[in-house]
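Biologist: Before we discuss any chemistry, could you show me the model and take me through how its aromatic rings and strands are read?

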Amino acid sequence: MNRKEKGTLTAAFTGGGGKTSLIFYLVEKFSRQGKRVIVTTTTHMAWEEDRPFADAEDTEELCRLIEQYGYVIAAKHKAGQPKISGPEPETLKRLSGFCDLLLVEADGARRLPLKVPAVHEPVIPEFVDIVVGVTGLDCIGKKICDIAHRPEDVAEFLRKKTDEPVMWEDVVKIASSENGLRKNVGEKSFLVYFNKADVLESSGVAENIIKKCREAGIEAVCGSLKKIMERQEICRKFHGIRRK
């Protein structure tokens, strides 16, 4: 069955730390609704032996695991290695024919909350419908050198020194730039998820971030994956975006 023709939704996740947690929250949410979900990557993800996994080339096994668990991680893995890696582009595209929702981790940040992409990043498949950029708001008020992936690149982008603090305006700048979270998005739908809003001293900061993103024409959610209400909000936003 070619599920792409029947409305398979494909999403790529980029940016800072929190991508994997968001992906697996969406896995839980949508698989409980009866959706068939495949998780994969174009870069690398941590190997989690307690989750259903199939080699991306083994369509029989991945279909069996989807039937059993509602979802499967489909990638490549060498025994004993701490990471899984993405399948070949042709195989990646073919995965959308076996699910209702294909979630692709397309960037790496070593679990740090903030980053700007290098020349070769992010690796977004051309057939993706939605790109979700992620940033952890626990970066605000912290020194760039302490919270950024490749801090020199972030400092250069922001025109700051690595020992200067990140301000909320800096977060918006990275989120809205085509050299930041919007890199390689093109005409695809774009959504930013600002995670860990619960660590902010004032709710006004989150309100300002959302306001500035909307002024830039960007759909954004500030929330926390630890809180039920924000989880529901990101699902509504994610589910409400239509493919171009």
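Modeller: What follows treats ring pairs, then charges over rings, then one pair of strands, and the model is a predicted one.

Biologist: How many aromatic pairs are there, and what is the geometry of the one with Phe24 and Tyr71?

Modeller: Rings pair if their centres lie within 6.5 Å, and planes over 60 degrees apart count as edge-to-face. By this rule there are 2 aromatic pairs. The centres of Phe24 and Tyr71 are 6.4 Å apart and their planes stand at 70°, so this pair is edge-to-face. It joins distant parts of the chain, since Phe24 belongs to helix H1 and Tyr71 to strand E5, 47 residues apart. Trp47 and Phe53 also form an edge-to-face pair, with 5.1 Å from centre to centre and 80° between the planes.

Biologist: Are Phe24, Tyr71 and Trp47 buried or partly exposed?

Modeller: Buried means under 20% relative accessible area. Phe24, at 9%, is therefore buried, and Tyr71, at 11%, is buried as well, whereas Trp47 has 30% relative accessibility and counts as partly exposed.

Biologist: Which charged end sits over the ring of Phe24, and which over that of Phe157?

Modeller: Over Phe24 lies the charged end of Arg51, 3.7 Å from the ring centre, while over Phe157 lies that of Lys173, 5.5 Å from the ring centre.

Biologist: In which sense do strands E9 and E10 pair, and through which helix does the chain cross between them?

Modeller: Strands E9 (residues 189-195) and E10 (residues 219-222) pair in the parallel sense over 4 bridges, with Phe194 opposite Cys222 in E10. From E9 the chain passes through helix H7 (residues 203-215) to E10, a β-α-β crossover that is right-handed.

Notes. Residues are numbered from 1 along each chain as its sequence is written. This is a predicted model: local features need pLDDT of at least 70, side-chain atom pairs count only at pLDDT 80 or more; totals for chains, interfaces and linings use all residues. Side-chain values use heavy atoms; hydrogens and water are left out. Rings of Phe, Tyr and Trp (its six-membered ring) pair if their centres lie within 6.5 Å; planes under 30 degrees apart count as stacked, over 60 as edge-to-face and the rest as tilted. Helices (H or I, at least four residues) and strands (E, at least two) are DSSP runs, numbered from the N terminus. Buried means under 20% relative accessible area, exposed over 50%, partly exposed in between (1.4 Å probe, protein chains only). A charge sits over a ring if NZ of Lys or CZ of Arg is within 6 Å of the ring centre and within 35 degrees of the ring normal. Two strands pair if DSSP finds at least two bridges between them. A crossover is right-handed if, with the strands pointing away from the viewer, the path from the first strand over the helix to the second runs clockwise.
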